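Let's walk through this fold together, one piece at a time. Keep the viewer open and turn the model as you read.

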Amino acid sequence: MRAKSWFVLLAVTILAVAAALWLVAARDERLAERVYGEPLYPGLAARVNDIAELGFDTGLEQWTIRRDDAGVWRMAERGGYPADPDRVKQAAVALGKAAVVAPKTADPAKHERLSLVGPDPEVESADNVKTVAMTAKTAEGETLAALILGKTKQLPTSSEPGQVYVRREGEDRTWLVESRFDIRKDPTAWLDKTLLKIERARIREVVVEHPGGETLRLKRNPYGDLRPVDMPEGRVTEDIRLTAAQRSLEFLPFADVRPAEEVDMSGAVKTTYRADNGMVVTVRTKEAGFETDGDPAYWVTFDIRHDPESVSADADMPELTGPDEEKPVIDPEEGAARAQAAMERAEGWAYLFAEFTAQNFIHRMETVTSPKEES
């Protein structure tokens, strides 16, 4: 009798659980039918241009990007340094166009499976960040969207949007949505990396002055290559390093930036570049005392001006250049315009570079030459 009662109770329980699961499934199915394709934030697509502030929190770092009165997006946590306008626009548009694919769990106990609990303050590196909280506000402070982005189910392709799990702030319900989200989890990835570019063929002279008086002078030869002045007897040039030094202003992949007033540049190495068009760039380089991306880091500042008296004479121009380079044309007006634009960007900032790039600013005679081997 007792056994029979137990089996009856078990059967009732199973039926009750099955009924509950069926009701939940039926409810979710009805919800899915109702919301598929609906915008995650109705009306936001029409107000994307009203977004004047984007905020991000990974648990490891928080940063805010605001549009100023001139329409320039700036990162508050980097002293107002310009942000990449294309990346900011892409993020705002992706948020406005986010559309629901399907409802997912509304059980907070299951949020962790989708990385939707919230930013983790215990995370130790950007590579380990799984969750990003994102907010979008107007210039008046109205919150247009606030959500948590978790696991990515599908990356976007050239023809198809991606799919990511999200949870709107203050709600338990989670969603799978589709859009072209590309939310970088490191604030430096949002900085505008446009800085300065002077092609190798334009560099006529480089002078490196170290604290203590040691000076290295490099001058361009008739074939367009930098060569050390007063090279000691018994040494030969390290051509790869000299070429890298001559290309050092072609590509400047800085890792981070701070207001220059926050960085002590006393004792820095001073390097002066002179270009054919009259551009004069003074680079100051100093070890930062910590690492970036696993390499020693260096702080670097740029002072850029145009000196009409420094414009190359015809006699200074090389006879030949590299196979993929155009022979430089002396254009002082173009040089003045480029110097002005570059100085407007770089003035007042200290940039962080990895050693791989910074070493090209601090050469000595012993690094661009080596002892000649006895034959």
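Before we count strands, a quick word on what pairing means here: two strands pair if DSSP finds at least two bridges between them. Keep in mind, too, that this is a predicted model.

Start with the open sheet of nine strands. Reading across, the order is β4-β3-β2-β1-β6-β7-β8-β9-β5, and the pairing is antiparallel. What stands at the edges of this sheet? You'll find β4 (81–82) and β5 (99–103) there, and each has a single partner strand, so one side of each is left without a neighbour in the sheet.

Now step inward from the β4 side. Strand β2 (residues 62–67) runs antiparallel to strand β3 (residues 73–75), and three bridges join them. If you want a landmark, look for R67, which sits opposite W73 in β3. Further along the order, strand β1 (residues 53–57) and strand β6 (residues 132–137) are joined by five bridges, again antiparallel. Here F56 faces M134 in β6. From β6 you can carry on to strand β7 (residues 143–154), its antiparallel partner over six bridges. V132 has L149 in β7 as its bridge partner. These two strands make a hairpin with five residues between them, and G141 there takes a positive phi near 95°.

Next, find the helix that goes with this sheet. Helix α2 covers residues 85–97. How far apart should its ends be? At 1.5 Å a residue, the 13 residues of α2 should span 18 Å, and the end C-alpha atoms are indeed 18 Å apart, so the two agree. At the N-terminal end, D84 acts as a cap: one of its side-chain oxygens lies 3.0 Å from the backbone nitrogen of D86.

Which residues of α2 are buried? They are R87, V88, A91, A92, A94, L95 and G96. As a reminder, an α-helix has 3.6 residues a turn, so residues three or four places apart point the same way. The buried residues of α2 pack against β1, β2, β3, β6, β7 and β9 (175–179).

That brings us to the inside of the protein. In soluble globular proteins, nonpolar side chains tend to be buried together. In this model the largest nonpolar core has 72 residues, and L195, L196, L249, F302, I304 and Y351 have the most contacts inside it. Helix α2 gives the most to this core, with five residues. The core also draws at least three residues from each of domain 1 (38–190) and domain 2 (200–371). Zoom in on L196: leaving out residues up to four places away in sequence, it touches L249, E250, L252, M279, V281, F302, I304 and A342.

Several of those names lead to another set of strands. Strand β15 (residues 269–275) pairs antiparallel with strand β16 (residues 279–292) over six bridges, and K270 stands opposite R284 in β16. Three residues separate the two strands of this hairpin, with G278 in the turn at a positive phi of about 95°. On to strand β17 (residues 295–306): eleven bridges join it to β16, antiparallel once more. M279 has H306 in β17 as its bridge partner. This hairpin has two residues between its strands, and D293 in the turn has a positive phi of about 55°.

Finish at T282, in strand β16. Is T282 buried or exposed? Its relative accessible area is 9%, and buried means under 20%, so T282 counts as buried. Setting aside neighbours within four places in sequence, T282 is in contact with K270, T271, T272, T301, F302 and D303.

Conventions: Residues are numbered from 1 along each chain as its sequence is written. This is a predicted model: local features need pLDDT of at least 70, side-chain atom pairs count only at pLDDT 80 or more; totals for chains, interfaces and linings use all residues. Side-chain values use heavy atoms; hydrogens and water are left out. Helices (H or I, at least four residues) and strands (E, at least two) are DSSP runs, numbered from the N terminus. A nonpolar core is a set of buried Ala, Val, Leu, Ile, Met, Phe, Trp, Tyr and Cys residues joined through side-chain atoms within 4.5 Å. Buried means under 20% relative accessible area, exposed over 50%, partly exposed in between (1.4 Å probe, protein chains only). Domain bounds come from an automatic or database domain assignment. Contact means heavy atoms within 4.5 Å. The expected span of a helix is 1.5 Å times one less than its number of residues. A polar contact is a pair of N or O atoms within 3.5 Å; within protein, one must be able to donate a hydrogen and the other to accept it, and residues adjacent in sequence count only if both atoms are side-chain atoms.
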